[in-house]
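The following note is intended for a colleague who has not yet examined this structure. Its points are numbered and may be read alongside the model.

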Amino acid sequence: MRRLFSLLCLWLLTGAADPILVPEVSQHEVEVRQGFTGTELLLYGAILDPTGIRAGRDYDIVVILKGPTRSIIVREKQRFAGIWINGASGEYRSAPGYYAVASSRPIDKIVDTRTAAIYEMGLSSLQLSPIGTIDPNKQRRFADGLVGLMAGDGLYQQNDGAVTISEQVLYQARIRLPSSVPVGRYTAETLAISRGRVVASATAHVNVSKRGFERGIAEFADQLGLLYGLLAVGIAVGMGLAAGRIFARF
């Protein structure tokens, strides 16, 4: 809030040649602890027009919250001899682990498909960077499947009309982080759009990190993956044997 107020004062004192976006996030640090059920981030700020008019009358706002990218393999299930098996697969080099977009109006009413693709506005405009050369139709099918799976888990979201603009200057949007949100550094990008053109952009950052017991387990699994896997198998086998003996008595 102090940063927002300071930039507002600076703009009033100095003026500006171009529109200025002043973004802020309600939480810059999100801690994932035991029992974490998700949280809601408030992304808010102001857009200031150098002519002094109330900017909200002339601009649309799109807010994009994107998590760390990672490589993902998508496998297609096929039915063979009455059972489901893994069939063809597609690998993506830089799929975001989390992606959410909120806009003041439906995105297709704000920009054309080319502009949406450049700025990755909307689930259909995500640049997933497939590895290798595959048939375009198959690539689209895998991409749609990946987006659908991530959206089902709440990790990909598109919220048209979720950005509200008040007093024709201030904007805000609420975006949900689910309990399965991946850890890492997130980028919250705000875009101001006028007549189908992006005229200003600004970014803020959010860090999602694990704390307590969860952090210890995550670090152990990351640094000693083989030992972690063996322990996990051993614990599962031990619990299975113990359960078998207990139920054998009844």
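**Notes on the predicted model**

1. Asp144 has a relative accessibility of 44% and is therefore classed as partly exposed. This value, like the others in this note, comes from a predicted model. The side chain of Asp144 meets that of Arg140 in a salt bridge, with a distance of 3.0 Å from N to O. Both residues belong to helix α4, where they stand 4 residues apart, about one turn of the helix. Arg140 is likewise partly exposed, because its relative accessibility is 44%.

2. Arg140 also has a place in the description of the largest pocket. This pocket holds about 250 Å³ of space. It is lined by 15 residues, and those closest to its centre are Ser124, Leu126, Leu128, Arg140 and Ala143. Helix α4 makes the greatest contribution to this lining, with 6 residues. By class, the pocket lining consists of 8 nonpolar, 5 polar and 2 charged residues.

3. How many salt bridges does the model contain? The count comes to 5. One of them joins Lys66 to Glu120, with the closest N and O atoms 2.6 Å apart. This pair connects distant parts of the chain: Lys66 is in strand β4 (residues 60–66), and Glu120 is in the loop between α3 (113–119) and α4 (136–152), 54 residues away. The two partners fall into separate exposure classes: Lys66 has a relative accessible area of 22% and is thus partly exposed, whereas Glu120, at 15%, falls under the 20% limit and so counts as buried.

4. A further salt bridge links Glu31 and Arg33, whose closest N and O atoms lie 2.9 Å apart. Glu31 is partly exposed, with a relative accessible area of 36%. Arg33 is also partly exposed, at 44% relative accessibility.

5. Is strand β1 (residues 20–25) largely enclosed or open? Of its 6 residues, 5 are buried, so the strand is largely enclosed by the rest of the structure. Strand β1 pairs with strand β3 (residues 39–48) in the antiparallel sense, over 6 bridges. Within this pairing, Val25 has Leu43 of β3 as its bridge partner.

6. Val25 and Leu43 reappear in the lining of the largest cavity, together with Pro23, Glu24, Tyr44, Tyr171, Ala188, Thr190 and Ala204. The structure holds 1 cavity of 30 Å³ or more, and the largest cavity contains about 30 Å³ of space. Strands β1, β3 and β11 (184–194) each supply at least two of the lining residues. The largest share, 3 residues, comes from β1. The cavity lining divides into 7 nonpolar residues, 1 polar and 1 charged.

7. Which residues have the most contacts inside the largest nonpolar core? They are Tyr98, Met121 and Tyr156, in a core of 55 residues. Strand β12 (residues 197–210) gives the most to this core, with 6 residues. As general background, nonpolar side chains in soluble globular proteins tend to be buried together.

8. To recapitulate, two elements deserve attention on a first reading. Helix α4 contains the salt-bridged pair Arg140 and Asp144 and gives the most to the lining of the largest pocket. Strand β1 is paired with β3 and provides the largest share of the lining of the largest cavity.

Conventions:
Residues are numbered from 1 along each chain as its sequence is written. This is a predicted model: local features need pLDDT of at least 70, side-chain atom pairs count only at pLDDT 80 or more; totals for chains, interfaces and linings use all residues. Side-chain values use heavy atoms; hydrogens and water are left out. A nonpolar core is a set of buried Ala, Val, Leu, Ile, Met, Phe, Trp, Tyr and Cys residues joined through side-chain atoms within 4.5 Å. Buried means under 20% relative accessible area, exposed over 50%, partly exposed in between (1.4 Å probe, protein chains only). Two strands pair if DSSP finds at least two bridges between them. A salt bridge is a side-chain nitrogen of Lys or Arg within 4 Å of a carboxyl oxygen of Asp or Glu. On a 1 Å grid over the protein atoms alone, a cavity is a set of points where a 1.4 Å probe fits but cannot get out, and a pocket is an open set with protein on both sides within 12 Å along at least five of seven lines; lining residues have an atom within 4 Å of a point. Grid points are joined across faces, edges and corners, and a volume is the space filled by probe spheres set on the points. Ala, Val, Leu, Ile, Met, Phe, Trp, Tyr, Cys and Pro count as nonpolar, Asp, Glu, Lys and Arg as charged, and the others, Gly among them, as polar.
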